[in-house]
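Trainee: Could we go through this structure together, please? I would like to start with how the helices pack.

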Amino acid sequence: MAVGTVVNGDSGDGIWGVKPAVLKFGGTSVGKFAPEIAQICLSAVKKSKIAVICSARSGVSKAGGTTNRLLRAARDASREPPADYNTIIAKLREEHIQAAACITSPEIRQNFNIHVDVLFEELSQVLDSAPKSGVVDSAYGDRVISVGEKLSASLLTALLEDRGISSRYVDLSDAIDFLVPDRLSPEFYQNLSSCFRKRLLSSEDRVPVITGFFGKIPGGLVNRLGRG
């Protein structure tokens, strides 16, 4: 069954005027139990305002998860000559299209598939232009692995819409609009919170489905803050 982490909002009324519940779903839950996640959200939204955060899809093993395979594609593309990273990308695209089979609305499923194609086209362009250093630098690596959360958030947004929950996909991969200091002080996290607030307010009355990946951070999100 799907397992999510519920984080209550702070003691204030939050950015929507009510205290929200934040539902965080890991990659295994998104990969194996996406329809169940939609049902959990359907129940939760009847009780309170909610926000949904999701990780990139995983499958049987973490090594075979979306993020690890994206990293492998990034490394393969940076070699000289490049290794065959297109096979990895094609397989990931196929899996995400297949995951949308549980969406009953043909229109919503088609819109999701179009968005998937756009994301993979952008990813292919990034990989095709990868620096041939044999090393995945922070900026390049972040651009590649952020696609995993974009895909899973898009999938859950489509699923919630399919189940009658008005939802909005919120991409935080370029949310940071301030100068990031060398040392991540409390001020950094306050500024980060303000950036997120701007993005979430645009959701209005819809349920925001938020990418677990956020940026851009000099030195890379994974290097500076770590995975997870």
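Mentor: Let us begin with one pair: the axes of helix α2 (residues 66-77) and helix α3 (residues 86-99) come within 10 Å and cross at roughly 155°. Helices here are DSSP runs of H or I with at least four residues, strands are runs of E with at least two, and both are numbered from the N terminus. Axes are lines fitted to C-alpha atoms, for helices over the stretch in contact, and angles run from 0 to 180 degrees between N-to-C directions.

Trainee: Is α2 roughly parallel or roughly antiparallel to α3?

Mentor: The angle makes α2 roughly antiparallel to α3. Angles under 35 degrees count as roughly parallel, over 145 as roughly antiparallel, 65 to 115 as roughly perpendicular and the rest as oblique. The crossing of α2 past α3 is left-handed; that word applies if the near helix is turned anticlockwise from the far one by less than a right angle, and right-handed applies if it is clockwise.

Trainee: Which residues make the contact?

Mentor: From α2 they are Thr66, Arg69, Leu70, Arg72, Ala73 and Asp76, and from α3 they are Ile88, Ile89, Lys91, Leu92, Glu95 and His96. Contact means heavy atoms within 4.5 Å. By class, this contact of α2 with α3 has five nonpolar, two polar and five charged residues. Ala, Val, Leu, Ile, Met, Phe, Trp, Tyr, Cys and Pro count as nonpolar, Asp, Glu, Lys and Arg as charged, and the others, Gly among them, as polar.

Trainee: Before we go on, where does the model come from, and how are residues numbered?

Mentor: This is a predicted model, in which local features need pLDDT of at least 70 and side-chain atom pairs count only at pLDDT 80 or more, while totals for chains, interfaces and linings use all residues. Residues are numbered from 1 along each chain as its sequence is written, and side-chain values use heavy atoms, with hydrogens and water left out.

Trainee: Back to α2, then. Is Arg69 buried or exposed?

Mentor: Arg69, which lies in helix α2, is buried, with a relative accessible area of 13%. Buried means under 20% relative accessible area, exposed over 50%, and partly exposed in between, with a 1.4 Å probe and protein chains only. Leaving aside neighbours within four places in sequence, Arg69 is in contact with Gly64, Ile88, Lys91, Leu92 and Glu95. The C-alpha atoms of Arg69 and Gly148 are separated by 9.6 Å, although these residues are 79 apart along the chain.

Trainee: And what about Arg72?

Mentor: Arg72 also belongs to helix α2, but Arg72 counts as partly exposed at 32% relative accessibility. Apart from neighbours within four places in sequence, Arg72 is in contact with Ala63 and Ile88.

Trainee: How does α2 meet α5?

Mentor: The axes of α2 and α5 come within 8 Å and cross at roughly 145°, and α2 passes α5 in a right-handed crossing. The contact is made by Thr66, Thr67, Leu70, Leu71, Ala73, Ala74 and Ala77 of α2 with Tyr140, Val144, Ile145, Val147 and Gly148 of α5. By class, there are nine nonpolar, three polar and no charged residues in this contact.

Trainee: What is the angle between α4 and α5?

Mentor: Helix α4 (residues 106-128) and helix α5 (residues 138-162) pack at an angle of about 180°, with their axes 10 Å apart. That makes α4 roughly antiparallel to α5. Among the residues in contact are Ile108, Phe112 and Leu119 of α4 and Tyr140, Val144 and Leu151 of α5. The residues of this contact divide into 14 nonpolar, two polar and four charged.

Trainee: Turning to the loops, which residues does the cis peptide bond join?

Mentor: The cis peptide bond joins Glu80 and Pro81, with omega about 0°. Pro81 is found in the loop between α2 and α3. In another loop, between α6 (186-201) and β5 (207-211), is Glu204. Phi of Glu204 is near 55°, a positive value in a residue other than glycine. Glu204 is exposed, with a relative accessible area of 54%.

Trainee: Finally, how many helices and strands are there in the protein chain?

Mentor: The protein chain has seven helices and five strands. From the N terminus on, the order is β-β-α-β-α-α-α-α-β-α-β-α. Of the 228 residues in the protein chain, 44% are buried.
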